[in-house]
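Here's a quick look at how one chain packs its inside. Have the structure open while you read.

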Amino acid sequence: MTNKNINTEKNVPKGTLLTILAQLNVIYKSLSTALTVRDIKTIYEREGKADMFVWRTNKLGHLTAWEKR
């Protein structure tokens, strides 16, 4: 049996990020359709929660969030 590298991070969809924001503050729920992942990251930074995720830019230039495990 070979030892495979176990991915220690999981991609977090935009909807999940918005759900977490809505739990922090109800105002964010009403803004959800207008927000991009870059906007969401900025809000997480203001709330002091940005370190919950690893933020990366994919090959298309889109910002993505990855959950630390």
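Which residues of α1 are buried? They are L17, L18 and L21, where buried means under 20% relative accessible area with a 1.4 Å probe, protein chains only. Their directions from the helix axis to the C-beta atoms span an arc of only 95°, so they sit on the same side of α1.

A word on the source: this is a predicted model, where local features need pLDDT of at least 70, side-chain atom pairs count only at pLDDT 80 or more, and totals for chains, interfaces and linings use all residues. Residues are numbered from 1 along each chain as its sequence is written, and side-chain values use heavy atoms, leaving out hydrogens and water.

Now for the largest nonpolar core (buried Ala, Val, Leu, Ile, Met, Phe, Trp, Tyr and Cys joined through side-chain atoms within 4.5 Å). It has 14 residues, and L17, L21, I40, Y44, F53, W55 and A65 touch the most other members. Four elements, DSSP runs of at least four residues for helices and at least two for strands, give two or more residues each:

| Element | Residues |
|---|---|
| α1 | 14–24 |
| α3 | 37–47 |
| β2 | 53–57 |
| β3 | 63–68 |

α3 gives the most, with 4 residues.

Take W55: leaving out residues up to four places away in sequence, W55 contacts (heavy atoms within 4.5 Å) L17, V37, K41, Y44, A50, L63, T64 and A65.

T64 lies in strand β3 and counts as buried because its relative accessibility is 16%. With the same sequence cut, T64 touches V54, W55, R56 and N58.

Conventions:
Buried < 20%, exposed > 50% of the residue type's maximum accessible area, 1.4 Å probe, protein only.
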